[in-house]
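Reader: I would like to learn how to read the hollow spaces in a protein model. Could you take me through them step by step?

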Amino acid sequence: MTDLFTLAGRKALVTGANTGIGQAIAVTLAGQGAHVICAGRRSCDETVAAIETAGGRTQTLLLDFADPMAAQNTFKGADVSILVNNAGIIRRADSTEYSEADWDAVIDVNQKALFFTCQAFGKELIAKGQAGSIVNIASLLSVQGGIRVPAYTASKHAVAGITKILANEWAAHNITVNAIAPGYISTNNTEALRRDTDRNAAILSRIPAGRWGDPDDIGGTAAYLCSRAAKYVTGAVLNVDGGWLAR
Ligand code: NAP
């Protein structure tokens, strides 16, 4: 029987693959047979070791979105057919105090770099007439307001919008463009919240699953969205959040 979920023969690039959700996605895609390029602004050695220990194929790439246009030449002739835009940052402050520097840094990495990395990938595939899959990492804050994270909320709403417009423009080129909207996942991104006893309790009280998500909870969803099983799924923003009780 044909395996609808295999990624064998595909090459994937995952940004921010050194840790957290990006690491889990890289390891999961490799487990499904993809050759995974682990891209990061620092060493992805831990992720590479995990993939190689499990018998997978991988390589690394230094990619720092301090320059949002950093990936402009990454896809030329690289035969990559899966792009996971996972790299992202969060800066917390009350909206009355939020600085221009924090606004620009968050928008550059989470929004501008994501769009122009999609563009570089899409242009290469369309020029070659090759099918492909993009998975953008959005957030619960792509649909709700959040607190003390104005640039992050704005950028993640933009990720959902960019996902939908590219899905519309590129469906005819057999390029699917979807997003995953994680709820609260236990990574560096949420370390400060988990250390704040009151916030942690308030967050847990609104998660019907009763626990923080693990990065692994996101990996399988990403693999599904890149697989043939999802070939007619495009423009979706999938919540992976253990259920969420809106405020
Ligand atoms: P994380 O552990 O902080 O991972 C963020 C990744 O982005 C790291 O690999 C980080 O590299 C990379 N990154 C940051 N700035 C970069 C830059 N200038 N250039 C290249 N890479 C850069 O947190 P995470 O939770 O796994 O976050 C992954 C994605 O999930 C993000 O887009 C985040 O917004 C999203 N998300 C997370 C949650 C959650 O609850 N954790 C919920 C919703 C959405 P360094 O390790 O070098 O900093």
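Reader: How many cavities of 30 Å³ or more does a search of the whole structure find?

Author: First, the general idea: on a 1 Å grid over the protein atoms alone, a cavity is a set of points where a 1.4 Å probe fits but cannot get out, and a pocket is an open set with protein on both sides within 12 Å along at least five of seven lines; lining residues have an atom within 4 Å of a point. Grid points are joined across faces, edges and corners, and a volume is the space filled by probe spheres set on the points. Here the search finds one cavity of 30 Å³ or more, and the volume of the largest cavity is about 50 Å³. This is a predicted model, where local features need pLDDT of at least 70, side-chain atom pairs count only at pLDDT 80 or more, and totals for chains, interfaces and linings use all residues. Residues are numbered from 1 along each chain as its sequence is written, and side-chain values use heavy atoms, with hydrogens and water left out.

Reader: Which element gives the most to the lining of the largest cavity?

Author: Helices (H or I, at least four residues) and strands (E, at least two) are DSSP runs, numbered from the N terminus. In this case α3 gives the most, with four residues. The lining includes T15, F65 and V109.

Reader: How do the residues of that lining divide by class?

Author: Ala, Val, Leu, Ile, Met, Phe, Trp, Tyr, Cys and Pro count as nonpolar, Asp, Glu, Lys and Arg as charged, and the others, Gly among them, as polar. The largest cavity has five nonpolar, four polar and no charged residues in its lining.

Reader: And the open spaces: how much space lies in the largest pocket?

Author: The largest pocket holds about 1100 Å³ of space. Its lining has 49 residues, and A87, G88, I89, I90 and N189 are the closest to its centre. Among the elements giving two or more residues to this lining are α1, β2 (35-40) and α3 (100-128). For the second largest pocket, the volume is about 400 Å³, with A131, G132, N174, T176 and K231 nearest its centre among 19 lining residues.

Reader: Where does the ligand sit?

Author: A molecule sits in a pocket if more than half of its atoms lie within 2 Å of the pocket's grid points. The ligand sits in the largest pocket.

Reader: Which residues come nearest to the ligand?

Author: A residue is near a molecule if one of its heavy atoms lies within 4 Å of it. Of the 29 residues around the ligand, the nearest are N18, R41, R42, Y152 and T187. Helices α1 (20-31) and α4 (150-170) each supply at least two residues of this shell.

Reader: What lies 2.5 Å from an N or O atom in the side chain of R42?

Author: That is an oxygen atom of the ligand.

Technical notes:
Polar contact = N/O pair within 3.5 Å; in protein donor to acceptor, adjacent residues only side chain to side chain.
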